[in-house]
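Student: Before I set up any calculation on this protein, could you take me through its ligand surroundings and its sheets, one question at a time?

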Amino acid sequence: MILPDSLWAASAAPAVGAPPLKGRNAADVVVIGGGFTGLSTALHLAEAGKSVIVLEAGEPGWCASGRNGGQVNPGWRMLPSEITAKYGRNRGPAVLDMLNKACDAAFDVISRHGIDCDVERPGFVHAGFDPLGKAFLDGWIREWGELGLAVERYDRAGLQEFIGTDFYHFAKHDPRGGHLQPLSYARGLARAAITQGATIHGHSRVDALHQKGGGWQVVTKGGSVDTEHIVICTNAYSDRLWPNLRKSIIPISTQGGRNLVMFPQRAERSVRQIERRHQSSAVAPPSAFLRAIKPVSSSWIAGSMAGASYSARSCL
Ligand SMILES: Cc1cc2nc3c(=O)[nH]c(=O)nc-3n(C[C@H](O)[C@H](O)[C@H](O)COP(=O)(O)OP(=O)(O)OC[C@H]3O[C@@H](n4cnc5c(N)ncnc54)[C@H](O)[C@@H]3O)c2cc1C
């Protein structure tokens, strides 16, 4: 499985070496799936002193993690009161705390391990233009404000100044958010996990799990791993390996848009990054893609959307 063409693939930091699994092996934990979830799990387990083997069907970051919007998005559609109602008085506060700290967790891991992924933290603008959107945003600002979060509010004129368009009538600016190059981030997580002692095998689809004594044997075409624990991080690509997991996944379709006027400098910078990386690695950039974004002074977000729509088409 070769990574498909996308802006992310063209501009990413180099991939880590992840040879296919061969022969008989053993580890404390086997992580199945080398996206953000699997790689971060492996990194944290390795930091905690466990021996970890990651088995990935493609290459690390091959699926959603290497092709998404790159937004480190602090928002969740549910209001804090709705979260508490859904998860109850005991688990509700823990869910809110996790949501509140999720962006910090990503930025911390990037800074701790020096991950080169074009990360920026300018905050996150969530904008709208109809009364329903305004009511939601007002409730969101009020409820998170009561929990101590300082969110800035913008009106139409302020937005024109801030993001270069008066299309939206109101917005919030949440300082917790930012953006990054997702494939570089996935590859950086993989590199950090390996540095901490984890082993990653790409092109090693897990075909079977056998219970063996008190543990498990994890089987791929080329080899096997005996282990005590398995963490399955296969996301939407979960197959018959663990049937109940697959049953829990509901395919949905989403639409993305891109704005052609915002952040033209970032678009230029993306193009320059691709040119620089390709000059040094002597690989041809996806020229049709560059032609498409260059003349319109498109944005970083444009690249995200292209990567994202590719992932939706070729992966789901
Ligand atoms: C179009 C799109 C846009 C998105 N935009 C954003 C965004 O802007 N910001 C954001 O925060 N999130 C975004 N997301 C969500 C985000 O990409 C995912 O939540 C995240 O990547 C999930 O990571 P993961 O590791 O769980 O799954 P994945 O990255 O999908 O990894 C699962 C891995 O499991 C492997 N696998 C599957 N079966 C097996 C097997 N049997 N053996 C071995 N390996 C196996 C796959 O090859 C794959 O690499 C977006 C998602 C999509 C689809």
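Tutor: What follows is a set of questions and answers on this predicted model, beginning with the ligand and moving on to the strands and helices.

Student: Where does the ligand lie with respect to domain 1 and domain 2, and why?
Tutor: Residues of the shell around the ligand come from domain 1, which covers 18-68 + 184-247, and also from domain 2, which covers 258-316. Because both domains contribute to this shell, the ligand lies between them.

Student: Which residues come nearest to the ligand?
Tutor: There are 31 residues around the ligand, with a C-beta cut-off of 6 Å. By character, the shell divides into 13 nonpolar and three charged residues, together with 15 polar ones. Those that come nearest are Gly 33, Gly 35, Asn 68, Gly 69 and Asn 235.

Student: Which helices each supply at least two residues of the shell around the ligand?
Tutor: The shell draws on domain 1 and domain 2. Two helices each supply at least two of its residues, one spanning 36-47 and the other 300-315; they are α2 and α10.

Student: Which strands are the edge strands of the open sheet formed by β4, β6 and β5?
Tutor: The order of the three strands is β4-β6-β5, with antiparallel pairing, and the twist averages 20° from one strand to the next. An edge strand here pairs on one side only, and this holds for β4 (124-128) and β5 (152-155).

Student: Which residue of β6 stands opposite Tyr 154?
Tutor: Strand β5 runs antiparallel to β6, which spans residues 170-174, and four bridges join the two. Within β6, the residue opposite Tyr 154 is Ala 171.

Student: At about what angle to β6 does helix α4 run?
Tutor: Helix α4, made of residues 131-146, lies across β4, β5 and β6. Helix α5, residues 156-163, also packs on the sheet and touches β4, β5 and β6, its direction making about 105° with that of β5. For α4 against β6, the angle is about 30°.

Student: Is the pairing of β1 with β11 parallel or antiparallel?
Tutor: Strand β1 takes in residues 23-32 and strand β11 residues 223-232, and nine bridges connect them. In β11, Ser 224 is the bridge partner of Arg 24. The sense of the pairing between β1 and β11 is parallel.

Student: How many residues lie between β10 and β11 in their hairpin?
Tutor: Strand β10, residues 215-220, runs antiparallel to β11 and is joined to it by four bridges. Val 218 stands opposite Val 225 in β11. In the hairpin that β10 and β11 form, the number of residues between them is two.

Definitions and conventions
Residues are numbered from 1 along each chain as its sequence is written. This is a predicted model: local features need pLDDT of at least 70, side-chain atom pairs count only at pLDDT 80 or more; totals for chains, interfaces and linings use all residues. Ala, Val, Leu, Ile, Met, Phe, Trp, Tyr, Cys and Pro count as nonpolar, Asp, Glu, Lys and Arg as charged, and the others, Gly among them, as polar. Domain bounds come from an automatic or database domain assignment. Two strands pair if DSSP finds at least two bridges between them. Axes are lines fitted to C-alpha atoms, for helices over the stretch in contact, and angles run from 0 to 180 degrees between N-to-C directions. Two residues are in contact if their C-beta atoms, placed from the backbone, lie within 7 Å.
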